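Grab a coffee and work through these short exercises with the model open beside you. Try each task before you read its solution.

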Amino acid sequence: MNVGSVIKYYRSKHNLTQQQLADGICSISHLSKIESNSYIPHESTTQALLAKMGVQWKTEIDKHKQLERELGKFIDCSIYFDLNAMRKQYEELEQEIDYIQSTELVNQFELYKFRYYIFDEDYEQAECQKNLLERLKGSFTAPEKWLHQFFLSVYYSMKGQAEHSLKLLENLEEGIQSIPQKFEGEYYYQKARLLILHDRYERSAYYAELAVQHYQLHYNYIRLLHAQLLLAINYTKRNLLVQAVGLYEALKRNSQITGQTELYYQTVYNYAELLKQREKNDEALLQLQEIKDRLPKDSYFYKAVLVSALEAAVETGEDVSHLIHELKAAITDKNDTYFQVYAEYFEKRSFSQSNLLNYYEEKMFPFFRKNGYIKEAKKVSSQLALFYQKKKEWEKAHFYSTYHEMNGGEFI
C-alpha cells in the first residue's frame with residue numbers, strides 16, 4: 001500500500017490542511033514528502049498521523065486486501081465473459097472509487113473499467129475512459145501497458161476500425177513476454193477474429209486453435225464456445241464443411257444449454273452461411289427465419305440476418321419483396337450505407353442484367369473496397385470479372401479477377 005496516498009485521502013476527507021495534520025507530529029515539508037510517496041515514514045509517525053484522523057492502520061490493510069479481492073473478481077468476470085457479474089462488481093467498486101484512487105490499484109481498475117464499457121457496448125463511456133487512460137499511461141507498468149494497447153485494439157474493433165485494431169495487436173507481438181497470463185486466450189481469440197475479417201483464414205485458424213487450447217486448460221467454457229465458433233467459421237471458409245457442421249451442431253446445443261442466446265444466434269447465422277455454400281438455400285432460409293423474428297428490429301445483426309435471408313430466398317426463387325420491405329424499414333440511420341446498398345441491389349435484381357452489373361461496378365464494388373468489406377468486394381469482383389471475360393474486355397477482366405484472387409491484401 002502507498003501509505004502516503006492513504007494519509008492524503010483521509011486528510012482530504014476530513015478537510016484538514018497539511019499544517020493542521022502535521023502539527024505536533026512532524027513538519028509540513030515532511031508530511032508533504034510522505035503524501036507524495038517520495039518518503040516512507042517511520043511506523044510511529046504513520047500511526048500518529050492516522051490516529052489523529054481516527055484511522056487504524058490494521059483496518060486499512062484489511063480494507064486494501066478486500067478491495068484487491070473485489071478487483072480480482074472484476075477482472076475474472078471480464079476474462080470469463082460474465083457481463084452480469086462484472087456489472088455487479090463494477091457498481092460495488094465504484095462506491096469506493098475515491099479510496100481506490102488513493103491506492104496503487106487505481107491503474108488496474110481504470111483499465112478494466114475500459115474493458116467493461118466495451119463489453120457493455122457503452123460507446124460514450126468507453127470513449128471517455130480511453131481519454132482518461134491516455135493521461136494515466138505514463139504511470140503504467142509493463143503488463144499494464146500491454147493491457148492498455150490490447151483493450152485499445154478491442155475498442156477500435158468495436159468502432160468498426162478493423163485494420164487499426166489488427167495493427168495494434170500485431171504490435172503487441174514484440175511485448176508478448178509482458179502479457180498477463182490470464183489474457184493469453186483473449187489475445188489469441190481477438191487475433192483470430194480480426195484475421196477472419198481480413199480473410200486470412202490460415203493464420204486465423206492457428207490463433208483460434210491456440211485460444212481453444214487455452215480456454216480448455218483454464219476451464220473457461222463460455223469463451224471456449226466463442227473460440228469454437230471462430231474455428232467453425234474458419235472451417236467453412238476453407239471448405240472443411242464436415243468439420244464445420246459438427247462444430248455448429250455442438251455449438252447450437254451448448255449455447256442453448258448455457259443460456260448464451262446471442263452466441264446461439266451467431267451460430268445459427270453462420271451455420272446458414274455454410275448451408276448456402278452447400279446450395280442448401282431452403283434449409284438456410286429456415287434457420288434464418290427461426291432467429292430473425294427474435295432479434296431487435298433496430299440491431300445491426302437483425303439487418304445482417306435479413307440480407308442473408310434475401311440471398312437464400314433469391315436462390316430458391318421465392319418472392320423477396322416482403323424481405324426487402326423489412327430491410328428498408330429497418331434502415332433508420334442515414335449512415336447505414338452498407339444495408340442501403342444491399343436493399344437497392346435486391347430491388348435492382350428485377351431489372352435488366354446490364355443495369356445490375358452497372359450497379360455492381362459503380363456502387364457496390366467501390367463502396368465495399370473503400371470501406372474494407374473484403375468478402376463482399378471479392379464476391380462482386382468475381383461477377384464483374386466473368387462479365388468482362390465474356391465481353392473480351394481483358395484489361396477490366398484482369399483487374400477484377402486479380403482482386404478476387406487477393407486474400408485480405410495478401411495474394412494466395
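Before we start: helices here are DSSP runs of H or I with at least four residues, numbered from the N terminus. Keep in mind that this is a predicted model.

**Exercise 1. Find where K392 sits, and decide whether it is buried or exposed.**

Step 1: look between α22 (374-390) and α23 (394-404); K392 lies in the loop there.
Step 2: check the backbone. Phi of K392 is near 60°, a positive value, and K392 is not a glycine.
Step 3: the relative accessible area of K392 is 60%. Exposed means over 50%, so K392 is exposed.

**Exercise 2. Compare the expected span of α13 with the model, then look at what follows α13.**

Step 1: α13 has 17 residues, and at 1.5 Å a residue they should span 24 Å.
Step 2: the end C-alpha atoms of α13 are 24 Å apart, so model and expectation agree.
Step 3: now the packing. Buried residues in α13 include Y201, S204, A205, A208, A211, V212 and Y215. An α-helix has 3.6 residues a turn, so residues three or four places apart point the same way.
Step 4: after α13 comes Y219, with a positive phi. Y219 lies in the loop between α13 (201-217) and α14 (221-237), and its relative accessible area of 59% makes it exposed.

**Exercise 3. Work out what surrounds S255.**

Step 1: place S255 in helix α15 (residues 241-257).
Step 2: with a relative accessible area of 1%, S255 is buried.
Step 3: follow the side chain. It reaches the backbone oxygen of L251 at 2.6 Å, and a polar atom of the S255 side chain lies 3.2 Å from the backbone oxygen of K252.
Step 4: leaving out residues up to four places away in sequence, S255 touches L225, Q260, L263 and Y264.

**Exercise 4. Classify the ring pair Y300 and F339, and say which parts it ties together.**

Step 1: the structure holds 45 aromatic pairs. In this one, the ring centres of Y300 and F339 are 5.0 Å apart with planes at 65°, so the pair is edge-to-face.
Step 2: Y300 belongs to helix α18 (residues 300-316) and F339 to helix α20 (residues 337-348), so the pair ties together parts 39 residues apart in sequence.
Step 3: compare exposure. Y300 is partly exposed at 49%, whereas F339 is buried at 0%.
Step 4: zoom out. Y300 and F339 belong to one aromatic cluster, whose members include Y338, Y342 and F368.

Note on methods: Residues are numbered from 1 along each chain as its sequence is written. This is a predicted model: local features need pLDDT of at least 70, side-chain atom pairs count only at pLDDT 80 or more; totals for chains, interfaces and linings use all residues. Side-chain values use heavy atoms; hydrogens and water are left out. Helices (H or I, at least four residues) and strands (E, at least two) are DSSP runs, numbered from the N terminus. Buried means under 20% relative accessible area, exposed over 50%, partly exposed in between (1.4 Å probe, protein chains only). A polar contact is a pair of N or O atoms within 3.5 Å; within protein, one must be able to donate a hydrogen and the other to accept it, and residues adjacent in sequence count only if both atoms are side-chain atoms. Contact means heavy atoms within 4.5 Å. The expected span of a helix is 1.5 Å times one less than its number of residues. Rings of Phe, Tyr and Trp (its six-membered ring) pair if their centres lie within 6.5 Å; planes under 30 degrees apart count as stacked, over 60 as edge-to-face and the rest as tilted.
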